[in-house]
Amino acid sequence: MPVYFGCESFSERKDLISCLNKNLNNDVQKEIEFFSNIADYLHIETAQSKLSFVINKEGDFSDISADGTNPIFNSVAMSSLILLQNKMNRAEVHIQPGKDEKNDPTNVHLNLPVRYEAVSKDNDFDKFPTFERVLFTLKTDDETIEVRIDKDFTIRTIGNNGNREYFLGSYSNLFEMASVDPYATAFENAFKTGLINVTKGKVDDKEYQIQIKNFFENDANANVSILVFREENGTWAEYYEYKTKKEFNQSKFAQLTYR
């Protein structure tokens, strides 16, 4: 059995398992605190996932996957171990790997349940007059691609070439999507700039564009805000900044994100 950080004083297998579950869960929960930023925008009150992973012979996390009904939370759960591994790499430390009957290091497969629950449950997601909501929008030379999430938390991509709208594909989590272009490039740009385009459309005969700032920032204290831009005389200018997702969700601009 691997010996996780803070469990070095234990030798019995059951104690090592109990300590690993407790300490690793605490570390994972710290890494997923930022999910509240995303959950607030998407009206997610509860989410759970089962992390599956290997602590390999080198004492590192590998073969990470997540199983749950919410693909966004699955992505966040998976990212928690990736972030922990990055911290381990920077500190040049490793988990003590498990040993086989010959006392040689061995790969050990483990599972860890992860859960999120909103502090305030007043989003009333089911009451919104929509089945899908736009997460973000990408533009290529040939088409506009909307990445949407529905009430069953399925991620779908919808293309539009100016003449018609068509289904492109569905994804089980954001990591799967981020592994292929044009999504990979869009994610990279979002991380670099802190901004991601959501959608645009008309409200009261005026053209508006919506962006989210720091949506993918893995810091619970990050200032995640929603920016609304308005087109005036062929140029875009910031019209309003919503400091809370709840404030935006109650605004007239929220309808632009509904499908």
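Among contacts in the protein chain between residues at least 6 apart in sequence, what percentage join residues at least 24 apart? In this predicted model, the share is 53%. The protein chain comprises six helices and 13 strands. Its C-alpha trace spans about 75 × 40 × 30 Å along the principal axes. Of the 259 residues in the protein chain, 48% are buried.

The N-terminal part of the chain is considered next. One disulfide is present in the structure. The bond is formed by Cys7 and Cys19, whose sulfur atoms lie 2.1 Å apart. Cys7 belongs to the segment before α1 (13-31), whereas Cys19 is in helix α1 itself, so the pair ties together parts that are 12 residues apart in sequence. The torsion about the S-S bond of Cys7 and Cys19 is about -90°, and the disulfide is therefore left-handed. Both Cys7 and Cys19 are buried.

Helix α2 follows in the description. Six of its eight residues are buried, so α2 is largely enclosed by the rest of the structure. These buried residues are Phe35, Asn37, Ile38, Ala39, Tyr41 and Leu42. Just after α2, His43 adopts a positive phi of about 65°.

The packing of α2 against another helix was also examined. Two packed helices are described by the angle between their axes and the distance between the axes. For helix α2 (residues 35-42) and helix α3 (residues 71-91), the axes come within 11 Å and cross at roughly 175°. Because angles over 145 degrees count as roughly antiparallel, α2 is roughly antiparallel to α3. On the α2 side, the contact is made by Phe35, Ile38 and Leu42; on the α3 side, Ile72, Phe73 and Val76 take part. The residues of this contact comprise six nonpolar, no polar and no charged. Phe35, Ile38 and Leu42, which α2 brings to the contact, are also among the buried residues of α2.

Aromatic side chains were then surveyed. A search of the whole structure finds 11 aromatic pairs. One of them is formed by Tyr208 and Tyr239, which meet edge-to-face with 5.4 Å centre to centre and 65° between the planes. Tyr208 is located in strand β11 (residues 206-213) and Tyr239 in strand β13 (residues 235-242), so this pair ties together parts that are 31 residues apart in sequence. Tyr208 has a relative accessible area of 2% and is therefore buried. Tyr239, with a relative accessible area of 37%, is partly exposed.

Another aromatic pair consists of Tyr240 and Tyr242. The arrangement of Tyr240 and Tyr242 is tilted, with 4.6 Å centre to centre and 55° between the planes. Tyr240 is partly exposed, its relative accessible area being 37%, whereas Tyr242 is buried at 8%. Each of the two pairs thus joins a buried ring residue, Tyr208 or Tyr242, to a partly exposed one, Tyr239 or Tyr240. Ring pairs link these four tyrosines, Tyr208, Tyr239, Tyr240 and Tyr242, with Phe248 and Phe253 into a cluster.

Key:
Residues are numbered from 1 along each chain as its sequence is written. This is a predicted model: local features need pLDDT of at least 70, side-chain atom pairs count only at pLDDT 80 or more; totals for chains, interfaces and linings use all residues. Side-chain values use heavy atoms; hydrogens and water are left out. Axes are lines fitted to C-alpha atoms, for helices over the stretch in contact, and angles run from 0 to 180 degrees between N-to-C directions. Helices (H or I, at least four residues) and strands (E, at least two) are DSSP runs, numbered from the N terminus. Angles under 35 degrees count as roughly parallel, over 145 as roughly antiparallel, 65 to 115 as roughly perpendicular and the rest as oblique. Contact means heavy atoms within 4.5 Å. Ala, Val, Leu, Ile, Met, Phe, Trp, Tyr, Cys and Pro count as nonpolar, Asp, Glu, Lys and Arg as charged, and the others, Gly among them, as polar. Rings of Phe, Tyr and Trp (its six-membered ring) pair if their centres lie within 6.5 Å; planes under 30 degrees apart count as stacked, over 60 as edge-to-face and the rest as tilted. Buried means under 20% relative accessible area, exposed over 50%, partly exposed in between (1.4 Å probe, protein chains only). A disulfide is a pair of cysteine sulfur atoms within 2.5 Å.
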